[in-house]
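Colleague: Before I use this model, I would like the labels justified. Please go through them one at a time.

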Amino acid sequence: MNENWDIDLLKQTDSMISFSWTPTDEVSQVKKNGEIVYTGTQSSFRDEGLSPGELIRYTIERQSPQGQWVTALKLLTGTEKRDPDCINQLEQIVLSTIVSHKRVSLAWGAIDGIETYDIYRDGELVTKTRHTQFTDRDVPEDREVTYWVRAQRPVERTESPLRKVKSLAANIFGALNSGSSQEQAAEEKFWLSKKIAPLNQLLGKNPGKEPELKWHLRYLTFLPDDVLKNPNLTSPNPYFQGDNRSFDPESKHYRSLSNCIVDLSAATSTFDFDKDIGTSIAYNWRRKFRKADIASSEGVTAKIKEDTDQKTEFLLTHSVGNPLTTSPNIDYEVSATFYRNGVYDLIGVHDQSPNHEIYLKLGNRGSWQPLHQTESEGLAWMADPIAAHYWRFSNFL
């Protein structure tokens, strides 16, 4: 049988997905989230009446001469979710993934103002492209792979009505802070990540076990330095104690910690949430202890946005300041969706300071796997006008 099957055309709106594949005389079968929705000789399929932002997994099978169904392609895609008031543009675009024999193709919606994208596989740069698609034709079939699509753009290219204010403030910030350039302060970052299960598992050659449906999501913010200088020169607290560490999901030293647990293993889903704020310690000009306090955790919330028989979606928001001085809050937001077929999709935005680290653990006995880690650009980068960091991490299982 021909192993060069591919999706030739893929289109989506906020309520429809259509695609066509390499024509053949063989009988084809399409499955939607595991359920057969089409059998016949045509090489196209149209799915209508869908909800905005809906993520769907399609399987295209071909019938062998012996009458057996063989998986030719798998497609994970979704409908658009257009919202003019949405801050995070990554929440509005669709990231589609196509897998076949030794091949992975990624296609994503264009992001206004971005001209080039850097593509990584398992942390190593593969190519730079001006296109919104990429195909890897030499993918190992016996292990999972993770792709990163990374880009950045000047704030002035955004569609936000505050873009002029942000651009001006960011450029002034860059001029006044020796550790940052005007270009850095005015650059928004966009990171798309896709974790893909082994191809021989996805294509049915070596089926894996049933997916774990209990997820632990951990989000920490921390200051990597031992001691930090206060960017507020008028403050009576010229220095602050940092957390003096690198990335570590189990560390007890942090500015804030949020834990969310989603369990879809039973007929009725459950959601648990806990949070903690680290102690802020100020030093005098001699770097001797001056004062300590703990900020309120009221600015950290998590709530269910949607809970159906197919998925659970929650929103985690964080806005916590330094209780010892007047300063911008540490702000971040995460919209996380977990499906009963094992697929998840997390979309977030945060300040470019302090360090942010996000981990996911499957089940109670699993180990923490890093989803997103960024290093601080400096305390002053928490100011509202400075360019933010947008990210999205999803899997294909």
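**Labels and their grounds**

Modeller: Strands β26 (residues 355–362) and β27 are joined by five bridges and run antiparallel. The model is a predicted one.

Colleague: How do you know that β26 and β27 pair?

Modeller: Pairing takes at least two bridges, and these strands have five. Within the pair, I358 stands opposite H372 of β27.

Colleague: What makes β19 and β27 edge strands?

Modeller: The open sheet has five strands in the order β19-β18-β15-β26-β27, with antiparallel pairing. β19 (270–277) and β27 (369–374) each have a single partner strand, so one side of each has no neighbour in the sheet. From one strand to the next the twist averages 10 degrees.

Colleague: How is β14 paired with β13 and with β28, parallel or antiparallel?

Modeller: With β13 (residues 145–154) the pairing is antiparallel, over 10 bridges; V149 stands opposite L192 of β14 there. With β28 (residues 389–396) β14 runs parallel, over eight bridges, and K194 has S394 as its bridge partner. β14 (residues 187–196) is also mostly covered, with nine of its 10 residues buried.

Colleague: Why is F393 called buried?

Modeller: The cut-off for buried is under 20% relative accessible area. F393 is at 5%, so it counts as buried. F393 belongs to strand β28, and its contacts include S193, K195, Y344 and L371, leaving aside residues up to four places away in sequence. The C-alpha atoms of F393 and W148 are 9.1 Å apart, with their positions 245 residues apart along the chain.

Colleague: Why is D6 with R103 called a salt bridge?

Modeller: The nitrogen must lie within 4 Å of the carboxyl oxygen. The closest N and O atoms of D6 and R103 are 3.8 Å apart, so the pair qualifies. D6 is in the segment before β1 (7–12) and R103 in strand β9 (residues 103–108), so parts 97 residues apart in sequence are tied together. R103 itself is buried, at 9% relative accessibility.

Colleague: What makes R143 and D122 a salt bridge, and how exposed are they?

Modeller: Their closest N and O atoms are 2.9 Å apart, which is within 4 Å. Partly exposed lies between the 20% and 50% limits; R143 at 38% and D122 at 35% both count as partly exposed. The structure holds 18 salt bridges.

How values were computed: Residues numbered from 1 in each chain as written. Predicted model: local features only at pLDDT ≥ 70, side-chain atom pairs only at ≥ 80, totals over all residues. Heavy atoms only, no water. Helix = DSSP H or I, 4+ residues; strand = E, 2+ residues; numbered from the N terminus. Axes fitted to C-alpha atoms, helices over the stretch in contact; angles between N-to-C directions. Buried < 20%, exposed > 50% of the residue type's maximum accessible area, 1.4 Å probe, protein only. Contact = heavy atoms within 4.5 Å. Salt bridge = Lys/Arg side-chain N within 4 Å of Asp/Glu carboxyl O.
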